[in-house]
Amino acid sequence: PQPMPSSPGSVTFVLGLDLGATSVKALLLRQPDGAAVGEVHREPLSSVQLDDVLAALQSAAARCCAASTILWETVTAVGLSQPGAIDAASGCVAAAANFPQWPEKTPLRQQVEAKLGVPTVMLEDSQAAMMAELVAGGAAAPPARGGSAGAPPPTATHTAAMLVLGG
């Protein structure tokens, strides 16, 4: 298939990046309907050094677009989830248990945004999981490969409880 054109009025996409302890997962979503495009792309981390993690995030983004035959120019935003506490006001990682050698208050959101060249938002992975459950279909969506609907895949390295009131 040919890559989709990047012309005015054409379809645009957002990219979801999930930074884990051992890999980065990436998935494109078509706008405005939010439909997943292609499959989840997994990029292993060669190390947990910040520069290597940034390179893996960039590689995951590029490979995900290439595998889906989507031009990067049609990606208008990135959503990044990561497994540490975030200082929401600054967009910095306040504590990263999986990446203890990172400097205090690592400006990860800003660095990813600069590397990828598109607006980027960052959430803690537990917040991202809760938000995913709140969208139409949430836990009723088809199961992820290797997992079951409404439950994290068996490779998850943590367990969390979430309560949403009035949602």
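User: What makes β5 and β6 a hairpin, and which residue in the turn has a positive phi?

Analyst: β5 and β6 are separated by four residues, and Gly91 in the turn between them has a positive phi of about 75 degrees. The model is a predicted one, in which local features need a pLDDT of at least 70 and side-chain atom pairs count only at pLDDT 80 or more, while totals for chains, interfaces and linings use all residues. Residues are numbered from 1 along each chain as its sequence is written, and side-chain values use heavy atoms, with hydrogens and water left out.

User: How do you know that strand β5 pairs with strand β6?

Analyst: Two strands pair if DSSP finds at least two bridges between them, and three bridges join β5 (residues 85-87) to β6 (residues 92-95), so the rule is met. The two strands run antiparallel, and Asp87 has Cys92 in β6 as its bridge partner.

User: What makes β2 and β3 a pair, and where does a cis peptide bond occur?

Analyst: Six bridges join β2 to strand β3 (residues 36-44), and these strands run antiparallel. They form a hairpin with four residues between them, and Gly34 in the turn has a positive phi of about 75 degrees; Leu29 has Ala36 in β3 as its bridge partner. The cis peptide bond joins Gln31 and Pro32, with omega of about 10 degrees, and Pro32 is placed in the loop between β2 and β3.

User: What makes up the secondary structure of the protein, and in which order?

Analyst: Helices here are DSSP runs of H or I with at least four residues, strands are runs of E with at least two, and both are numbered from the N terminus. By that rule the protein comes to three helices and seven strands, which follow the pattern β-β-β-α-β-β-β-α-β-α along the sequence.

User: Why is Ser68 called buried or exposed, and what does Ser68 touch?

Analyst: Buried means a relative accessible area under 20%, exposed means over 50%, and partly exposed lies in between (1.4 Å probe, protein chains only). Ser68 has 13% relative accessibility and therefore counts as buried. This residue lies in the loop between α1 and β4, where contact, meaning heavy atoms within 4.5 Å, is made with Leu28, Val37 and Gly38, not counting residues up to four places away in sequence.

User: What makes the backbone of Thr69 and of Lys105 stand out?

Analyst: Most residues other than glycine have a negative phi, and most peptide bonds are trans. Thr69, in the loop between α1 and β4, has a positive phi of about 50 degrees although it is not a glycine, and at 23% relative accessibility it counts as partly exposed. Lys105, in the loop between β6 and α2, has a positive phi of about 55 degrees and is likewise not a glycine; its relative accessible area of 47% makes it partly exposed.

User: What makes a set of residues a nonpolar core, and how many residues does the largest have?

Analyst: A nonpolar core is a set of buried Ala, Val, Leu, Ile, Met, Phe, Trp, Tyr and Cys residues joined through side-chain atoms within 4.5 Å. The largest one has 32 residues, and Leu15, Leu17, Leu19, Leu28, Trp102 and Leu108 have the most contacts inside it. At least two residues of this core come from each of β1 (12-19), β2 (23-31), α1 (50-67), β4 (75-82) and α2 (108-116), and α1 gives the most, with nine.

User: How do you know that Leu54 is buried, and which residues does it contact?

Analyst: Leu54, in helix α1, has a relative accessible area of 7% and is therefore buried. Leaving aside neighbours within four places in sequence, it is in contact with Leu108, Gln111, Val112 and Lys115. The C-alpha atoms of Leu54 and Leu108 are separated by 8.5 Å, although these residues are 54 apart along the chain.

User: Why does Cys64 form no disulfide?

Analyst: A disulfide is a pair of cysteine sulfur atoms within 2.5 Å, whereas the sulfur of Cys64 is 5.9 Å from the closest cysteine sulfur, in Cys65, and therefore too far for a bond. The count for the protein comes to zero disulfides. Cys64 is buried, with a relative accessible area of 1%.

User: How do you know which parts call for caution?

Analyst: The guide is pLDDT, the predictor's confidence in each residue, from 0 to 100. The protein averages 81, and 75% of the residues score at least 70. Over residues 1-7 the pLDDT is below 50, and it stays under 50 over residues 143-158. Where pLDDT is low, the predicted coordinates should not be read in detail.
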